[in-house]
Amino acid sequence: MKIDWAALGSVFGVSLVVTVALVALFTLGISGLSRRERATTEGRSAALAVTGAYACFAACAAAVGYGIYMIMA
C-alpha cells in the first residue's frame with residue numbers, strides 16, 4: 001500500500017484553512033450580535049452590526065452546506 005503524501009497534505013491544508021475560516025466567521029457573527037446588545041443599551045442603531053452578523057452566519061451555513069454537497073456528490 002502506497003500513501004500519496006502530496007494528496008494527504010492537500011486535504012489536511014484545505015481542511016485546516018476551512019476550519020479556521022469557519023471559526024473566524026462564527027466569531028465575527030457572535031461579535032456582531034453582542035454589538036447589537038451594547039448599541040441597544042446605549043440607544044444607538046445596530047442595523048449594520050446585525051446585518052454583518054447574519055451575513056457571517058449565512059456564509060458559515062453556505063460553506064457547511066457546500067461541504068456536505070461535495071461529500072455526497
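Is Tyr 69 buried or exposed? In this predicted model, Tyr 69 is exposed, with a relative accessible area of 53%. The setting of that residue becomes clearer once the overall architecture has been described.

The secondary structure of the protein consists of 2 helices and 0 strands. The radius of gyration is 18 Å, well over the 11 Å that the globule rule gives for 73 residues, so the protein is more spread out than a compact globule. Along its principal axes, the C-alpha trace spans about 65 × 20 × 10 Å. Buried residues account for 12% of the 73 residues. The protein exposes about 5700 Å², and carbon and sulfur atoms supply 74% of that area.

Helix α1 has 38 residues and covers positions 5–42. From its first C-alpha to its last, α1 reaches 55 Å, close to the 56 Å expected at 1.5 Å a residue. Helix α2 comprises residues 47–72, which is 26 residues in total. Its end-to-end C-alpha distance is 37 Å, again to be set beside an expected value, here 38 Å, to which it is close.

The two helices meet through their buried residues. In α1, Gly 29, Gly 32 and Ala 39 are buried, and the buried residues of this helix pack against α2. On the other side, the buried residues of α2 are Ala 49, Val 50, Ala 53, Cys 56 and Cys 60. The cover over these α2 residues includes α1.

Pairs of positions distant in sequence show how the helices are placed relative to each other. Ile 30 lies in helix α1 and counts as partly exposed, because its relative accessibility is 45%, which falls between the 20% limit for buried and the 50% limit for exposed. Ile 30 and Phe 57 are 27 residues apart in sequence, yet their C-alpha atoms are 8.8 Å apart in space. A second such pair involves Gly 52, which is found in helix α2. At 31% relative accessibility, Gly 52 also counts as partly exposed. The C-alpha atoms of Gly 52 and Leu 28 are separated by 8.3 Å, although the two residues stand 24 positions apart along the chain.

The end of α1 deserves separate attention. This helix is followed by Gly 43, whose phi is positive, near 85°. A search of the whole structure finds 1 salt bridge. It is formed by Arg 44 with Glu 42, and the closest N and O atoms are 2.8 Å apart. Glu 42 is exposed, since its relative accessible area is 51% and the limit for that class is over 50%.

The remaining feature returns to the opening residue. The count of aromatic pairs comes to 2. One of them joins Tyr 66 and Tyr 69 in a tilted arrangement, with 6.2 Å from centre to centre and 35° between the planes. Both tyrosines lie in helix α2, 3 residues apart, about one turn of the helix. An α-helix has 3.6 residues a turn, so residues three or four places apart point the same way. Tyr 66 is exposed as well, with a relative accessible area of 52%, and Tyr 69 has the 53% given at the outset.

Key:
Residues numbered from 1 in each chain as written. Predicted model: local features only at pLDDT ≥ 70, side-chain atom pairs only at ≥ 80, totals over all residues. Heavy atoms only, no water. Salt bridge = Lys/Arg side-chain N within 4 Å of Asp/Glu carboxyl O. Buried < 20%, exposed > 50% of the residue type's maximum accessible area, 1.4 Å probe, protein only. Helix = DSSP H or I, 4+ residues; strand = E, 2+ residues; numbered from the N terminus. Expected span 1.5 Å × (residues − 1). Contact = heavy atoms within 4.5 Å. Rg over C-alpha atoms; globule rule 2.2 N^0.38 Å. Areas by Shrake-Rupley, 256 points an atom, 1.4 Å probe, with all protein chains shown as cover. Phe/Tyr/Trp six-rings, centres within 6.5 Å; stacked < 30°, edge-to-face > 60°.
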